[in-house]
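Subject: Handing over a structure

Dear colleague,

I am passing on to you the structure below, together with some notes on what was found in it. Please keep it open beside you while you read.

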Amino acid sequence: MASAPGLLAPLLGLGLGLSLMLALSLPGSRAADCRSLGPAAHLTFAPAARARWLAPRVRSPGPLDHLYGTVRRFLSAVQLNPFPAELVRALLNEPASVKVDEVVRYEAGYVVCAVIAGLYLLVVPTAGLCFWCCRGQRGCGRPVKMEHKELACERGTFMTFLLLTTLVLLIGGVCAFVTNQRVHEQTGPSAKAVPETLLSLRGLVSNVPQELQAVAQQFSLPQKHVLKDLDGIATSIGNTIHSQLSGTVYETLASLRSLGQALQVSVDHLRALNATLLELQDRQQDLGRAVSLRRERLHDLLQEPGCRGCTESLRRAGDLELGADFGQVPHVDDALRRLKGIPEANFSSMVQEENNTFNALPLLASLQMADVVKELKKAVAQQPRGLKTLAKAFPDWEAAYRWSQALEKVENSSRPYLKEVQRYEKYRWILGCGLCSMVLLVVVCNLVGLNLGIWGLSAREDPSHSEAKGRAGARVLNVGVCLSFLIAAPLILLVFSTFLVGGNVQTLVCRSWESGELYKFADTPGNLPSSMNLSYLLGLKKNISILLAYQQCREGAALWRVLQLNDSYDLEAYLDMSQYTASLEQELQNLKVNLENVDLLSPAGHRDLQALQSSGLGSLQYPDFLIQIQKPVVNTDMEKLAQELEGLAQSQGSSQLGKQLQEEAHRLRNLYQEKVLPQQSLVAKLNISVRVLASSTPKLQLETSSVLDRITHLKGTLPTWATRILRNESECFLTREMGYFSQYTAWVREEVTQHIATCQPLSGALDNGRVVLCDMMADPWNAFWFCLGWCTFFLVPSIIFAIKTSKYCHPIWKRLSSSSSEETQLFHIPRVTSLKL
């Protein structure tokens, strides 16, 4: 029984392998995925668009915003008329046909302001001249010399109003200083922004073809990745086929190894059974004769009359005959004949060789696919037809040239004007600073005069000092009045000139720009001359709406869509790679893997298994063997019988009989040792082989048939499975490589529509132009003349209150009265009283 596990282990492995194979099913039946290849790597493309973007300009919120809002509301009240489309059209197309009355009608608010400014310019200097002439004759501005009851009230009222007016002038002067400086600071950057904006707009169309060519050249980046992936596609597909088929193939080969071991064990046991059986049959004849001889001899001795106590032994000696008859068992010659020379194949070596062949599948796939991969690389190296003409097909090169020339002309012609603007702005700034300083000097004179006057009125201890301080305060106030009269004319001239320019810019340009009326005016046919028409400048066949173009540009529309070139340029048509990918897909269909070298079972092994299947091992009558094996070799226990004979020999009265019994006992022992024990060993050996074969052969026959069917099935289906895996991997590979091209097309679409052929710089330039002109220049400009005009008109009450207040700063004579009590005054200050004799 020691050799039974040698067959049990292979059979157990064989059964487990077959059950696993049946459970595995087809690899293609599992959900196909592309995890073996992984996703496409992220590609980083170099920007192809030149820097033409303008940083959006935005005025930061500040404390002057409320002032700007007030000025805008004031200008809206001054200019109530809507945008003068007819007047502007005539001015742009036929300036000579513009009628003055139409201009005056539109500028009615400004005309009213001009009348007010003219009156101011006429009245204030004239009043000043009259005042000084009158004062020179001591008829105007004479001091109050006599006290009266309303003196304190009048003096306090005039001083209070003068102080309030001075504070208003101070606030206006400071605001005028700040806004004047703000205008000066914004002029330089605003002037520099004009050529920057024009330069950006020049590149809007002119640089597009070169940048599109640079975009098309970057197709080499996904090409390089695909070519790199193609270097390993064959090995990758081979590895995938190997990994997906390895479970089935390895289990099948393991089952073959186990079946080969089981076949070898079964054949060995069958041969051992046959050899043992023949030897048993030969020995059985000799043993039968020897046992028969001993039985007859014992029968004669134990039946002699002098044998005492021999009855039981005689009965035992009568049973001394052979038990098992191995001549009655079936022959195995036919099975041995069919299994002659089996196993012909070395299953361990065969399985190892098939394992090596299967493990070399990736290398085999690389060799088989080398030519197809070479053709694939040639197909990938080609550039799609659309990309070749991406730049050349961009329409209207002549339009780009005309656009660039027009903007360059505008840029060159604007530079001298911008320099002149900066130069005149410097003069305006100097004049503004000077006039603001004069206003502040008037404020200082008013404040110093008030302080000296109040100080002189409040000094009681020293009347002489109080009179000197009062007269000094009056003189300082008069200096302020003199300055006010002197600067009134330049102030009103500067205010009105800046008001006329800044106000019209705000009401005529900025207000209509913000409301969109300016775009609508430009879109109306005939309003703009041909030299300013965008469609004419670009040489377009269709008129484009500037308002619609502006709105589309802000939304990020492509340039050809804004210019209505969709009929002649379709980006998606040039990015269509269907033909390119179809060519790659067609080449991928040529990838093939031949698995003919993976044989799984050699012809010799196949013959061995077929011989085992047809050997008839399973049909042998093993129970007949077991019946004889279970019988004893000799029916009587010869050892026990020999012991009984030895005991009888000692109890016999006749020494001759005892000696004969001793000899027979010795001969029985010798027969047992020489014949029976070897026969029993052969029976035990036969028992092992019979039982092993009886327990394994039925299952072995079934499993041999199953393995043969499985191998036959695998030989037919392995190429199909491999082809299915190959197709799936090819599709996954194509999908991944198309991911590179998809990244490229997505990048091209974004780069072209949002950076190269985008019209967002146009909307950005318009927005920046409005911010520069209206928010950064017009607002502080208008705030400047507003604050300066504020100071200009408040100079009039300042002059009046200063003159009135200066009268009360001189020494006042106190009139005589019957009462010695002093009058109650706002400033209760005792004064020197003079009496005329």
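**What was found**

Threonine 498 is a place to begin, and this residue lies in helix α16, which covers residues 463-515. Please bear in mind throughout that the model is a predicted one. Threonine 498 has a relative accessible area of 4% and is therefore buried. A polar atom of its side chain lies 2.7 Å from the backbone oxygen of leucine 494, and, once residues up to four places away in sequence are set aside, threonine 498 touches Arg428, Gly503, Trp781 and Trp785.

As for the chain as a whole, the protein chain has 27 helices and zero strands. It holds 837 residues, of which 45% are buried. If one takes the contacts between residues at least 6 apart in sequence, 91% of them join residues that are at least 24 apart.

One such pairing of distant parts of the sequence concerns leucine 67, which sits in helix α2 (residues 65-78) and counts as buried at 14% relative accessibility. Its C-alpha is 9.7 Å from that of asparagine 782, although the two residues are 715 residues apart in sequence. Not counting residues up to four places away in sequence, leucine 67 touches Thr179, Ala783, Phe786 and Cys787.

Aspartate 775 belongs to helix α27 (residues 760-807), and with a relative accessible area of 12% this residue, too, is buried. Its side chain is joined to that of arginine 72 by a polar contact of 3.3 Å. Apart from neighbours within four places in sequence, the residues in contact with aspartate 775 are Arg59, Arg72, Arg770 and Pro780.

Helix α27 also packs against helix α19 (residues 546-554), with the axes 7 Å apart and at an angle of about 110°; because angles of 65 to 115 degrees count as roughly perpendicular, that is how α19 and α27 are described. In this contact Tyr550, Cys553 and Arg554 of α19 meet Gln760, Leu762, Ser763, Leu766 and Asp767 of α27, and by class the residues are four nonpolar, two polar and two charged.

A second helix pair is arranged in another way. The axes of helix α13 (residues 361-381) and helix α22 (residues 578-588) come within 9 Å and cross at roughly 175°, and since an angle over 145 degrees counts as roughly antiparallel, α13 and α22 are roughly antiparallel to each other. On the α13 side the contact is made by Val372, Glu375, Leu376, Ala379 and Val380, which meet Tyr580, Ser583, Leu584, Glu587 and Leu588 in α22. Seven of these residues are nonpolar, one is polar and two are charged.

Finally, there are the nonpolar cores. The largest has 121 residues, and those that touch the most other members are Ile241, Leu245, Phe326, Met369, Phe625, Leu686 and Tyr744. Helix α26 (residues 655-756) gives the largest share of this core, with 32 residues. A second, separate core has 49 residues, including Val78, Ala117, Ala176 and Trp781. To return to phenylalanine 625, its contacts, leaving aside neighbours within four places in sequence, are with Leu273, Leu277, Val329, Pro330, Val332, Leu686 and Val690.

With best wishes

Key: Residues are numbered from 1 along each chain as its sequence is written. This is a predicted model: local features need pLDDT of at least 70, side-chain atom pairs count only at pLDDT 80 or more; totals for chains, interfaces and linings use all residues. Side-chain values use heavy atoms; hydrogens and water are left out. Axes are lines fitted to C-alpha atoms, for helices over the stretch in contact, and angles run from 0 to 180 degrees between N-to-C directions. Helices (H or I, at least four residues) and strands (E, at least two) are DSSP runs, numbered from the N terminus. Angles under 35 degrees count as roughly parallel, over 145 as roughly antiparallel, 65 to 115 as roughly perpendicular and the rest as oblique. Contact means heavy atoms within 4.5 Å. Ala, Val, Leu, Ile, Met, Phe, Trp, Tyr, Cys and Pro count as nonpolar, Asp, Glu, Lys and Arg as charged, and the others, Gly among them, as polar. Buried means under 20% relative accessible area, exposed over 50%, partly exposed in between (1.4 Å probe, protein chains only). A polar contact is a pair of N or O atoms within 3.5 Å; within protein, one must be able to donate a hydrogen and the other to accept it, and residues adjacent in sequence count only if both atoms are side-chain atoms. A nonpolar core is a set of buried Ala, Val, Leu, Ile, Met, Phe, Trp, Tyr and Cys residues joined through side-chain atoms within 4.5 Å.
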